[in-house]
Amino acid sequence: MPQDRTAAIVGIHEYPLRVVGSDISALQIKAASAAKALEDAGFAWKDVDAVYDTGSDQGIGGLGISEYFGFKPSIIDNTSVGGSSFEFHANHARRMIEAGKCNLALITYGSTSHSDRRAIGTAGATGGGPSNLFRNMEDPWGLTLIGNYAMVKMRHKFQYGTTDEQFAAISVATRRHAMRNPEAVKAMTDLEFVGVNEISVADVLDSRTVAYPLHLLECCMVSDGGGAVLVASAEMARNARKKPVWIIGGGEATKYRENGGDITVSAGAQSGPVAFQDAGVSPSEIDILMAYDSFTITVMCMIEDLGFCQKGEGGAFVSDGRLDYDNPGKPAINTDGGGLSSNHPGARGIFLLMEATRQLRGESTSQVANAKLAVAVGNGGQLGSRHATGATILAAD
Amino acid sequence: MAPLRPQPAFPENDTQPFWDATKKHELTYQTCDRCNEVIFYPRRHCTSCGSDQNTWHVSQGLGSVYTFSVIMQSRHPAFKDLGAYAVAYVDLDEGFRIMTNIVGIQDPTTDIQCGMRVKLRWEDQGDGEVSLPMFEPA
């Protein structure tokens, strides 16, 4: 089956700072990033005819975002499924472009989570807003966001015998990549990481337990940041400044707590196979896996559920340096340094698309030799309760 | 006294009958009259077939720990000074899974295992107010 060549990522910009202070707002990060991504693509502000946005940044909603930018798009999509929203957006944009409804789609993200001092992982339920069944049936028992993911790790350990050492291998590989990325090094420095250096499995296990059994070095940072991604039609992509990175497959799904359900299986078990079938490629062919690393357990589930190995065998799969950019075993993982060690302002999905694009352009700081295929898989919401997993498969020109 | 935990808020039509029953120390769940599906969290409709005909039951309060985490750091005022505490999903023998706390143990990191049998214990939230279902070793 020939790979799809109807829509491509043609422009990207990752906002370089992870600590912005009060100099720039979330919306300003989005607009600045949009301009830079258009520059990267060689297109103009007025060329944008589709806007994909979660409507979450600074709370102006999907209705307000086109006005803020000054666009008059013919396609407006405000899919908001947490950190995976951006894979959903990229997949939706491809389908709209295929249908001839638009030619240049803009996806942006901006957040000042760090400067706002948001305790995303440890705040617990804050009690504001309207009542609903989830809040009523979950908030009284004091689960934190990190505890939610820790419950999945606990069950994974119990069900499959996965070890803390195996989970730690994910942190180790990701930090190694981060140390090769100057923006990640600056991020860790600015966020006052204790020890901006490569780490060992022992370092991970010796770091404090935030929510048992998750250690600090298995948890992502809380940074500021954002960026922009442009998806264009084949015709526009051929006129872009850089080589297009084609979107060849996509899948989306959601999953939630169910009576008798298996908490170790994410929505990726539904959306991953759909994406691979759409793309006409198999997991064993993938050179780079950009997997949402909110926590090590998230990556473990993505690797298994997308079919890189059998369910429950992820622990063995991630060991022995397999995930490193220069290891002959595929895939290399989170080669920008991930949410663990480079960039996580709350919703990381957009950065997965960016680093996959850099790899397939040959622009990564941990460049995989002869990279041809990449997967960006976002996991939004909370893995141990309700979440969404969007997979986008990308191919070099 | 520590600030109150987050409380269920009303009106909220789907879960109000569940919380009203906790005032009598009854842990309740629904089954669908049409397809027999166990419905939980509580809802007016069946999540398997869409029927709005269902029956409320009172659980015996016995089950097993499906999974859990021990929270070491919470910034929520009601929990921040509590020390390490365990949040869990418990599978009740009647076939529904509830979020809860595991209590009545010495060290939550060593004294709880997945699959461990537990029984219901109520923690009242105030005079005539709702009560929180929690679980302790059976």
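What volume does the second largest pocket have? In this predicted model, the volume of the second largest pocket is about 390 Å³. Its lining comprises 20 residues, of which Arg5(B), Ala78(B), Leu82(B), Glu123(B) and Met134(B) are the closest to the pocket centre. Three elements of chain B each give two or more residues to this lining: strand S5 (85-92), strand S6 (97-102) and strand S7 (117-124). Sorted by class, the lining of the second largest pocket holds 14 nonpolar, three polar and three charged residues.

Enclosed space was examined over the whole structure, and the search returned one cavity of 30 Å³ or more. The volume of the largest cavity is about 80 Å³. Among the 14 residues lining this cavity, those closest to its centre are Lys255(A), Tyr256(A), Arg257(A), Asp262(A) and Ile263(A). The lining of the largest cavity divides into five nonpolar, four polar and five charged residues.

Chain A contains an open sheet of ten strands with mixed pairing, in the order S3-S2-S4-S7-S1-S8-S12-S11-S9-S10. Strand S3 (75-77) and S10 of chain A are the edge strands of this sheet, and each pairs on one side only. Within the sheet order, S12 and S11 are adjacent; strand S11 (residues 373-381) and strand S12 (residues 387-396) of chain A run antiparallel and are joined by nine bridges. One of the residue pairs across these strands is formed by Gly378(A) and its bridge partner in S12(A), Gly390(A).

Chain B has an open sheet of three strands, ordered S2-S1-S3, and the pairing is antiparallel. Strand S2 (38-39) and strand S3 (54-58) of chain B occupy the edges; each has a single partner strand, so one side of each is left without a neighbour in the sheet. The antiparallel pairing of S1(B) with S3(B) extends over five bridges. Thr31(B) has Thr55(B) as its bridge partner in S3(B).

Strand S4 (residues 104-111) of chain A, a member of the ten-strand sheet, includes Thr108(A). Thr108(A) counts as buried because its relative accessibility is 2%, where the cut-off for a buried residue is under 20%. The side chain of Thr108(A) forms a polar contact with the side chain of Lys30(A) at 3.1 Å. With neighbours within four places in sequence left aside, the residues in contact with Thr108(A) are Lys30(A), Ala34(A), Tyr52(A), Asp53(A), Asp57(A), Phe69(A), Phe86(A), Gly227(A), Ala228(A) and Ile350(A). Lys30(A) therefore appears both as a polar partner and in the list of contacts of this buried threonine.

Burial was also found along a complete helix. In helix H11 (residues 296-305) of chain A, ten of the ten residues are buried, so the helix is largely enclosed by the rest of the structure. The buried residues of H11(A) include the charged Glu304(A) and Asp305(A), together with Thr296(A), Ile297(A), Thr298(A), Val299(A), Met300(A), Cys301(A), Met302(A) and Ile303(A). Gly307(A), which follows H11(A), has a positive phi near 95 degrees.

Positive phi values also occur at two residues that are not glycine. In chain A, Gln58(A) has a phi of about 60 degrees and is located in the loop between strand S2 (50-52) and helix H2 (61-69). Gln58(A) counts as partly exposed because its relative accessibility is 48%. In chain B, His25(B) has a positive phi of about 55 degrees and lies in the loop between H1 and strand S1 (28-32). The relative accessibility of His25(B) is 39%, so this residue likewise counts as partly exposed.

Cis peptide bonds are found in both chains, and each precedes a proline. In chain A, the bond joining Lys330(A) and Pro331(A) is cis, with omega about -5 degrees. Pro331(A) is placed in the loop between helix H12 (314-317) and strand S10 (332-333) of chain A, and S10 is one of the edge strands of the ten-strand sheet. In chain B, the cis bond runs from Phe10(B) to Pro11(B), with omega near 10 degrees. Pro11(B) belongs to the segment before helix H1 (16-22) of chain B.

Conventions
Residues are numbered from 1 along each chain as its sequence is written. Chains are lettered from A and ligands numbered from 1 in the order in which they are written. This is a predicted model: local features need pLDDT of at least 70, side-chain atom pairs count only at pLDDT 80 or more; totals for chains, interfaces and linings use all residues. Side-chain values use heavy atoms; hydrogens and water are left out. Helices (H or I, at least four residues) and strands (E, at least two) are DSSP runs, numbered from the N terminus. Buried means under 20% relative accessible area, exposed over 50%, partly exposed in between (1.4 Å probe, protein chains only). Two strands pair if DSSP finds at least two bridges between them. On a 1 Å grid over the protein atoms alone, a cavity is a set of points where a 1.4 Å probe fits but cannot get out, and a pocket is an open set with protein on both sides within 12 Å along at least five of seven lines; lining residues have an atom within 4 Å of a point. Grid points are joined across faces, edges and corners, and a volume is the space filled by probe spheres set on the points. A polar contact is a pair of N or O atoms within 3.5 Å; within protein, one must be able to donate a hydrogen and the other to accept it, and residues adjacent in sequence count only if both atoms are side-chain atoms. Contact means heavy atoms within 4.5 Å.
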